[in-house]
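Biologist: I am new to this model and would love a close look at one part of it. Could you walk me through the charged side-chain pairs, please?

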Amino acid sequence: MQIAMIGGGYVGLVSGACFAEFGTDVAIVETDPVRLAALRDGRIPIYEPGLDKLVADNVAAGRLTFGDDIEQAVQAAEVIFIAVGTPSRRGDGHADLRYVYAAAEQIAKSMKNYAVVVTKSTVPVGTGRQVAELIRRVRPELDFDVASNPEFLREGNAIGDFMRPDRVVIGTDTTKPGGTGRAMEIMRQLYRPLYLIEAPVLFTSLETAELVKYASNSFLAMKVTFINEIADLCERVGAEVHDVARGIGLDNRIGRKFLHPGPGFGGSCFPKDTLALVRIAQDAGSPMRLIETTVDINDQRKIHMAERVIAANGGSVANTTIGVLGLTFKHQTDDMREASSIPILHRLAREGAHLRAFDPAGMQSARPLLPETVHYCEDALDAATGADILLVLTEWNEFRALSPERLRKLMKGNVIVDLRNIWEPRAMRDLGFRYQSVGRL
């Protein structure tokens, strides 16, 4: 089987490489010349553990290719994935579908034989039908099916999520005269390696599959926001948030995942998908008030975290040196989209703080988004050297391994604001630190 993957970004590159590992011939189409040149040179333009080897192995095996010729890639493909960006549209929060529709039009102009056109991008309900209408309008004679196959890839663990998924969701046009048995069988063949490991594969309607992705991410975002609010309550009443999280997470109806308190969620999915679901629901006349509140609470939390740092230093950070550990929205990624570090560090810079920052993977992508005055350090110890305050924003494992004793010697001051709870409060205070974390006393 041959597939074409339109888009060589995070979703397209990871998915394409994993399909190639299944033994499928994959042509990834990337129109950005800089990104394409990097891929052809064997340089992976995103940070994802294990992806460089997976790509190299499958390129060497001849199963994975990169190019910018959509026509060439599409004509030989039985399955054509649309995996382009769907960022929030400026001004209203709706998903921007211009890249999806542009890809669909190019696909329509290039197709020669029957294929299944699949939206892999996260798209609002109804997009699959709009893609089908666009293709029919451009080429009324084409024989094709459309499908929705949302991705559920966590940055930092994307390969494992693809190869050993909780589920695979595939939506087809259940209203099509004659049915979509042909498309369903092709998609079953494509995912056959996952059937062999008994991964659940759920076939639904187009609309259901499109909504599953938004509903999943919004529920998880709500779960993160819930434990963040519980953390705030723990600080007021003398409880320990990690024990609360364990206590509720052991309930199988709730589960343990996404119960880690912090400075607020960010990244490429949760912020834009929660906002998009709010807009989808409002347009449908069925508002999602829980998700509306989740979005607002998360935005306010990031502002409050900056205020927490200021309060920890007696109400002012003017002319104070702050060592910053971590910039990306989570560990094991270089993704700075909607990272908590952005509003927090801008606020601290406005208050007159001198910022010395280190992140193992995200400093290059952080530079355009953070204050120009930020000094980027060689490593974590460099960031801590001479700092009045040490601020932990991302839970990289290498930060957990730092010696608190050495930090105490390197820092000028003794204030640590740990927004990821990577150290034990009692041990840090025993060393003389004025230590604050989230939801712990």
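To start with one pair: are Glu 151 and Lys 213 buried or exposed?

Modeller: Happy to help! A word on the ground rules: this is a predicted model, in which local features need pLDDT of at least 70 and side-chain atom pairs count only at pLDDT 80 or more, while totals for chains, interfaces and linings use all residues. Residues are numbered from 1 along each chain as its sequence is written, and side-chain values use heavy atoms, with hydrogens and water left out.

Now to your pair. Both Glu 151 and Lys 213 are buried, where buried means under 20% relative accessible area, exposed means over 50%, and partly exposed is in between (1.4 Å probe, protein chains only). Their side chains form a salt bridge, with 2.8 Å from N to O; the term stands for a side-chain nitrogen of Lys or Arg within 4 Å of a carboxyl oxygen of Asp or Glu. This pair joins distant parts of the chain: Glu 151 is in the loop between E6 and helix H7 (158–163), and Lys 213 is in helix H10 (residues 206–237), 62 residues apart. These element names come from DSSP runs numbered from the N terminus, with helices (H or I) of at least four residues and strands (E) of at least two.

Strand E6 itself (residues 144–148) holds Asp 145. The side chain of Asp 145 meets that of Lys 176 in a salt bridge of 2.5 Å, N to O. Lys 176 sits in the loop between strand E7 (168–172) and helix H8 (181–190), and the two partners are 31 residues apart. Asp 145 is buried, at a relative accessible area of 4%, whereas Lys 176 is partly exposed at 25%.

Another pair brings two helices into the picture. Arg 347 makes a salt bridge with Glu 307, and their closest N and O atoms are 3.7 Å apart. Arg 347 belongs to helix H14 (residues 341–350) and Glu 307 to helix H13 (residues 289–312), so this contact ties together parts 40 residues apart in sequence. Arg 347 counts as partly exposed at 21% relative accessibility, and Glu 307 counts as partly exposed at 37%.

Salt bridges also form a network here, linking Arg 129, Asp 173 and Glu 207. The model has 22 salt bridges by the cut-off above.

The cysteines round off the tour. The model has 0 disulfides, a disulfide being a pair of cysteine sulfur atoms within 2.5 Å. Cys 234 is buried, with 3% relative accessible area, and Cys 377 is buried at 3%.
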